[in-house]
Amino acid sequence: MERYTGKSVMKGIAIGRVYLYQKVDIQVTDQKVPDPAAEKERFLAAVEQAKEQLTRLYDEAMVNVGEDHAAIFDVHKMLLEDEDYLDTAAGEIEEGYNAVYAVDCAGTQFAELFAAMDDEYMRGRAADIRDISRRVIRILLDLPEEEIRSEEPVILVADDLTPSETVKLDKTKILGFVTVKGSANSHTAILARSMNLPALVTVNIDLSDELHGKTCVVDGFEGEFLVEPEEEILSEKVVRKNQWVADLEALEKLKGQDNVTKSGKRIDIFANIGNVEDAEAACAADAGGIGLFRSEFLYLGRETFPSEEEQYKSYRAVLEKMEGKKVVIRTMDIGADKKVDYFGLEPEENPALGYRAIRICLDREEIFITQLRALYRASAHGKLAIMFPMIISVDEVQRIRQIVEMVKEELIKEGYPLGDPEIGIMIETPAAALISDRLAKEVDFFSIGTNDLTQYTLAVDRQNQKLEGICDIHHEALLRLIEMTVKNAHEAGIWAGICGELGADTELTEWFLKIGVDELSVAASAVLRVRGAVRALP
Ligand code: PEP
Ligand code: MG
């Protein structure tokens, strides 16, 4: 048996045969061409042809896997229109190089740029750049499109899977994924999560031909990939797998059920999302609504600010997908670990204590106003609630309210129909928790961000792995702040939820109900598990 470890991006156990997916190795050589102008024409024609292919793929994917997964082909078309990318390739051709080499250079350069970024989502986009470059190169070399063919359900093992490969997969033939490259936000990971299939990325395995067809186990609980395991280990994994499948089936039965204890106490269970696609997972998990849409993800993975129109479309899409269920959208929380170049933020000694979230919004109002306009325009299309992150004072909330009123007046003057969204704040600083009695008089709801509240209360950096041992997530100080916040909310007649990771901690579910938490917002994959914990309570 050979044992490899990797990063689990989806829990679960898959047992089956390896399907080794190896791409044809395209040989790229740098040759000088006699007529660069003609070569540039050939390059531009190939780009056009690639865009036509992408339009066709989009249409096919719409039918096979739905709009959310099809959308990636639209993104690819946009990348193929990126002027920096096109200019880089054209520049090489103008230097006299052949188009294949020029596209390869541009693709490598841009993919490396993305791969080196701090942000996980952005790193995931390196695969998209490689994907579009390969597509153009295949057209230039007159090679057929790549496909994955398999008759039986298999465990797909690959160096990396491009977005176009993942959406073309026959979903009934895949048991799990293992990739050498990839990240938590790579398309393999996103697809695995949406298909509920165990998946590992960054598995350091040699992709030699002998691997193909071998029996293997992907264990997403342990983050391990076993090739040709011994009988005894295989039997253990079969037991674990059956347990997992039984657990999933039991959870499935909870769909459509209420989040209510045996004695009749109920609580809302909502889902946290980061983009429009995640809303689909939230619906599939039977979430009662969206308790936290981390809107900053709309700002990541790009080179310019998202426009009012773009944001409006995303917010509206989520609201429409949730069909009248509440959607709490948090204004952008850029800064700290979520850095974006085009914001032009200066390096800071203590980024978590620095210029982030509402602090940027109240300082650079134009950014804030664009987002608020998009949110209020979207408010006409569903049950929107808006919340603001990193609040520390009543003054901030009052200033936010003034800006909100100004934005609403403008939009009404411009003739937009508006809804009447609830306005809330995140309680994620000890300061906000300690003055929550006063803050409660200014807003319609609180959502407790336990991730930041923990790091600021315990002075434990949430990014520092070394501190995991001393980070007591049930620390009495934290629990007291949560209890105080909920009590102050209720005394002022407003609701209070929890949207940090602690909301999904079922060791605390009973306590949350006891102190009267009104809503728990958790990852879509945790919704049914938490519902099960609520229903098991006396
Ligand atoms: C939190 O701090 O608990 C929270 C939900 O916000 P984020 O994790 O995005 O900082
Ligand atoms: Mg936070």
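The following legends describe close-up views of a predicted model.

**View 1. Coordination of the magnesium ion (ligand 2) by two acidic residues.** In this predicted model, the magnesium ion is coordinated by Glu428 through OE and by Asp452 through OD, at 2.0 to 2.1 Å. The two residues link distant parts of the chain, being 24 residues apart. Glu428 lies in the loop between strand S13 (422-427) and helix H15 (430-434), whereas Asp452 belongs to helix H17 (residues 450-458). Glu428 counts as buried because its relative accessible area, 2%, falls under 20%. Asp452 is likewise buried, with a relative accessible area of 3%.

**View 2. Salt bridge between helices H1 and H3.** The side chains of Lys40 and Glu94 form a salt bridge, with an N to O distance of 2.9 Å. Lys40 is located in helix H1 (residues 36-64) and Glu94 in helix H3 (residues 83-94). The pair thus joins distant parts of the chain, 54 residues apart. Lys40 is partly exposed, at a relative accessible area of 27%. Glu94 counts as exposed because its relative accessibility of 51% is over 50%.

**View 3. Salt bridge between helix H9 and strand S8.** The side chains of Lys237 and Glu224 meet in a salt bridge at 2.6 Å, N to O. Lys237 lies in helix H9 (residues 231-252) and Glu224 in strand S8 (residues 224-227), so the contact ties together parts that are 13 residues apart in sequence. Lys237 is buried, with a relative accessible area of 10%. Glu224 is also buried, at 9% relative accessibility.

**View 4. The salt bridge of Asp333 with Arg330 and the network around the pair.** Asp333 forms a salt bridge with Arg330, in which the closest N and O atoms are 3.8 Å apart. This separation qualifies as a salt bridge because the cut-off is 4 Å between a side-chain nitrogen of Lys or Arg and a carboxyl oxygen of Asp or Glu. Asp333 is buried, at 2% relative accessibility, and Arg330 is buried with a relative accessible area of 3%. Through salt bridges that share partners, Asp333 and Arg330 belong to one network with Glu296, Lys338, Arg356, Asp452 and Arg462. Asp452, a member of this network, also coordinates the magnesium ion (ligand 2).

**View 5. Overview of the salt bridges in the model.** The structure holds 31 salt bridges. Side chains of opposite charge can pair when their charged atoms come close. Among the bridges are the Lys40 and Glu94 pair, the Lys237 and Glu224 pair, and the Asp333 and Arg330 pair.

How values were computed: Residues numbered from 1 in each chain as written. Chains lettered and ligands numbered in written order. Predicted model: local features only at pLDDT ≥ 70, side-chain atom pairs only at ≥ 80, totals over all residues. Heavy atoms only, no water. Donors = N, O, S within 2.8 Å, 3.2 Å for Na, K, Ca; no water. Helix = DSSP H or I, 4+ residues; strand = E, 2+ residues; numbered from the N terminus. Buried < 20%, exposed > 50% of the residue type's maximum accessible area, 1.4 Å probe, protein only.
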